[in-house]
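This report describes selected helix packing and residue environments in one protein chain. Please consult the sequence and the structure shown below while reading.

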Amino acid sequence: MTINQEQDRIIEDFEGVDDWMDRYSMIIDLGNTLPPIEEKFKTPDHLIEGCQSRVWLNAELRDGKVYFTADSDAIIVKGIIALLIDVLNGHTPTEIVESDLYFIDKIGLAENLSPTRSNGLLAMVKQMKMYAVAFKAKEDAERK
């Protein structure tokens with residue numbers, strides 16, 4: 001699936017749920033399905049700056065595609081990073097860098113988070129895209 005197809009699937013999943021408490025429950029449930037990040041990545045180097053909660057993020061490039069693992073000490077934040085991983089995992093660095101993550105607005109996520117959580121969401125997106133930028137730069141350098 002493309003990044004946009006993944007986003008459209010998430011939008012569709014949330015469309016039938018009007019109550020934000022139920023949407024939060026969906027997000028929390030998604031966080032509970034997130035595979036655990038290896039303990040070796042739960043270091044200050046992997047913490048996302050700008051998040052109120054602690055969020056660890058790791059990215060690996062395998063066969064030209066980026067794969068993320070993450071964890072958080074806050075259940076709602078763990079669900080949010082799981083949503084982002086669902087959308088971006090298994091795509092090329094270029095696809096990730098060029099992606100417009102419109103699902104965040106379409107499902108009303110940003111407007112239903114506290115300002116500090118909303119800042120944390122932006123920090124998560126930024127860090128994921130920064131990993132992709134770094135992998136893309138490395139790939140470009142290796143081609144030369």
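## Packing of α1 and α2

In this predicted model, the meeting of α1 and α2 involves Asp13, Phe14 and Glu15 on the α1 side and Arg23, Met26 and Ile27 on the α2 side. The two helices pack with their axes 10 Å apart, at an angle of about 135°. That angle makes α1 oblique to α2, because an angle between 115 and 145 degrees falls outside the parallel, antiparallel and perpendicular ranges.

## Helix α1: length and faces

Helix α1 covers residues 3-15, which is 13 residues. At 1.5 Å a residue, a span of 18 Å is expected, and the end C-alpha atoms are indeed 18 Å apart, so the expected and modelled values agree.

The buried residues of α1 are Ile3, Glu6, Gln7, Ile10, Ile11 and Phe14. Viewed down the helix axis, these buried residues fall within an arc of 140°, and they therefore line one face of α1. Glu12 and Glu15, on the other side of the helix, are exposed. Glu15 is also among the α1 residues that meet α2, as is the buried Phe14.

The partners of the buried residues of α1 are four helices: α2 (20-32), α3 (75-88), α4 (93-98) and α5 (103-106).

## Ser53 in the loop before β1

Ser53 is located in the loop that runs between α2 and β1 (55-62). Is this serine buried or exposed? Its relative accessible area is 11%, and Ser53 therefore counts as buried, since the cut-off for that class is under 20%.

The side chain of Ser53 forms a polar contact of 3.0 Å with the side chain of Arg117. When residues up to four places away in sequence are set aside, Ser53 touches Ser72, Asp73, Ala74 and Val77 as well as Arg117.

## Met128 in helix α6

Met128 belongs to helix α6, which comprises residues 115-143. With a relative accessible area of 0%, Met128 is buried.

Which residues does Met128 contact, leaving aside its neighbours within four places in sequence? They are Leu57, Phe68, Ile81, Leu84, Ile85, Leu88 and Ile96. Between Met128 and Asp86 there is a separation of 42 residues in sequence, and their C-alpha atoms are 12 Å apart in space.

Note on methods
Residues are numbered from 1 along each chain as its sequence is written. This is a predicted model: local features need pLDDT of at least 70, side-chain atom pairs count only at pLDDT 80 or more; totals for chains, interfaces and linings use all residues. Side-chain values use heavy atoms; hydrogens and water are left out. The expected span of a helix is 1.5 Å times one less than its number of residues. Buried means under 20% relative accessible area, exposed over 50%, partly exposed in between (1.4 Å probe, protein chains only). The arc is that of the directions from the helix axis to the C-beta atoms. Contact means heavy atoms within 4.5 Å. A polar contact is a pair of N or O atoms within 3.5 Å; within protein, one must be able to donate a hydrogen and the other to accept it, and residues adjacent in sequence count only if both atoms are side-chain atoms. Axes are lines fitted to C-alpha atoms, for helices over the stretch in contact, and angles run from 0 to 180 degrees between N-to-C directions. Angles under 35 degrees count as roughly parallel, over 145 as roughly antiparallel, 65 to 115 as roughly perpendicular and the rest as oblique.
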